[in-house]
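Here's a quick briefing to read with the model open beside you. Start with the overall picture, then go residue by residue.

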Amino acid sequence: MARQIREILSADEIRRTLIRLASQIVEEAPDLSQVVLLGIYTRGVPLAYLLANQIEMIEQVKVAVGALDITFFRDDLDQIKTRTPQKTEIPFDLTGKTVILVDDVIYKGRTIRAALNAVTEYGRPEIIKLLVLVDRGHRQVPIHPDFIGKALPTAKEEKVKVYLDAIDGKDAVELIKLT
């Protein structure tokens with residue numbers, strides 16, 4: 001089976017998208033000191049840090065960043081490939097905060113459903129929002145991102161692969177089609 005790969009976002013396009021998303025967060029947040037970015041492992045974590053850096057450049061305000069592992073909150077562990085859980089790092093109480101969950105791609109919505117369950121273990125946020133770099137559609141649960149880097153309608157058999165320099169040594173988003 002052959003693979004057809006098409007670049008959807010280049011490194012420059014990802015950089016510009018993150019600037020736009022950070023600006024949207026700044027516009028919507030009445031008090032940035034109450035905003036917490038929670039990156040969902042794996043690529044949501046470096047995305048959260050990149051967004052926090054952008055917000056600091058725009059507003060000269062440091063936004064709190066944490067890392068969330070949702071492995072044991074998933075309802076589809078039997079259907080996904082085995083992975084080693086990462087360490088959740090939320091060194092602050094989420095109670096009363098505006099929590100923005102950050103992930104690279106939203107597809108069926110099950111990762112985000114699990115993240116919502118996980119967040120409640122760390123406090124009771126005032127509000128929870130969702131930011132994704134790519135929204136590819138095909139939800140199985142009623143979840144919709146508040147901040148979307150790129151809406152990318154896909155076929156179910158296609159894959160979206162996000163590469164981030166911190167993990168993969170390059171920044172890119174690719175659409176992979178099996179032919």
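What share of the contacts in the chain with a separation of 6 or more comes from residues 24 or more positions apart? The figure is 69%. Keep in mind that this is a predicted model, so every value below is computed from predicted coordinates.

**Overall fold and size**
- The chain has four helices and eight strands, and along the sequence they come in the order β-α-β-α-β-β-α-β-β-β-α-β.
- A compact globule of 179 residues would have a radius of gyration near 16 Å, and the chain agrees with that because its own value is 16 Å.
- Along the principal axes, the C-alpha atoms fit in a box of roughly 50 × 35 × 30 Å.

**Surface, burial and charge**
- Of the 179 residues in the chain, 46% are buried.
- The accessible surface comes to about 9,500 Å², and carbon and sulfur atoms hold 48% of that.
- On the charge side, there are 25 positive and 26 negative side chains, with the centres of the two sets 6 Å apart.

**The annotated stretch**
- UniProt, in an unreviewed entry, lists residues 99-111 under "short sequence motif: PRPP-binding".
- In the model, residues 99-111 are 62% strand and 15% helix, and the C-alpha atoms at the two ends of the stretch are 16 Å apart.

**Two buried leucines that touch each other**
- Leucine 38 is found in strand β2, which covers residues 35-40.
- Leucine 38 has a relative accessible area of 0%, so it counts as buried, the cut-off being under 20%.
- Beyond its neighbours within four places in sequence, leucine 38 is in contact with Gly66, Ala67, Ile90, Leu94, Val99, Ile100, Leu101, Val102 and Val119.
- One of those partners, isoleucine 100, is 62 residues away from leucine 38 in sequence, yet the C-alpha atoms of the two are 6.0 Å apart in space.
- Leucine 94 lies in the loop between β3 (64-68) and β4 (98-106), and leucine 94 is also buried, with a relative accessible area of 0%.
- Setting aside residues up to four places away in sequence, leucine 94 touches Val36, Leu38, Val99, Val119, Tyr122, Gly123, Arg124 and Pro125.
- For a longer reach, take leucine 94 and aspartate 135: they are 41 residues apart along the chain, and their C-alpha atoms are separated by 26 Å.

**A buried leucine in another loop**
- Leucine 152 is found in the loop between β6 and β7 (159-163).
- With a relative accessible area of 7%, leucine 152 is buried.
- Leaving out neighbours within four places in sequence, the contacts of leucine 152 are Ile8, Val134, Asp135, Arg136, Val160 and Leu175.
- Leucine 152 and glycine 44 are 108 residues apart in sequence and 18 Å apart in space, C-alpha to C-alpha.

**An arginine on helix α1**
- Arginine 20 is found in helix α1, residues 11-28, and arginine 20 is partly exposed at a relative accessible area of 33%.
- Apart from residues up to four places away in sequence, arginine 20 touches Ile148 and Gly149.
- The C-alpha atoms of arginine 20 and glutamine 54 are separated by 9.3 Å, with their positions 34 residues apart along the chain.

**Backbone spots to check**
- The peptide bond from tyrosine 41 to threonine 42 is cis, with omega near 10°, and threonine 42 sits in the loop between β2 (35-40) and α2 (44-59).
- Glutamine 60 is a residue other than glycine with a positive phi, near 55°.
- Glutamine 60 lies in the loop between α2 and β3; at a relative accessible area of 62%, glutamine 60 is exposed.
- Histidine 138, likewise not a glycine, has a positive phi near 70°.
- Histidine 138 is found in the loop between β5 (127-135) and β6 (147-151), and histidine 138 is partly exposed, with a relative accessible area of 28%.

Methods:
Residues numbered from 1 in each chain as written. Predicted model: local features only at pLDDT ≥ 70, side-chain atom pairs only at ≥ 80, totals over all residues. Heavy atoms only, no water. Rg over C-alpha atoms; globule rule 2.2 N^0.38 Å. Buried < 20%, exposed > 50% of the residue type's maximum accessible area, 1.4 Å probe, protein only. Contact = heavy atoms within 4.5 Å. Areas by Shrake-Rupley, 256 points an atom, 1.4 Å probe, with all protein chains shown as cover. Lys, Arg positive; Asp, Glu negative; His and termini not counted. Charge placed at Lys NZ, Arg CZ, Asp CG, Glu CD. UniProt positions renumbered as here; feature names shortened; annotations may be inferred.
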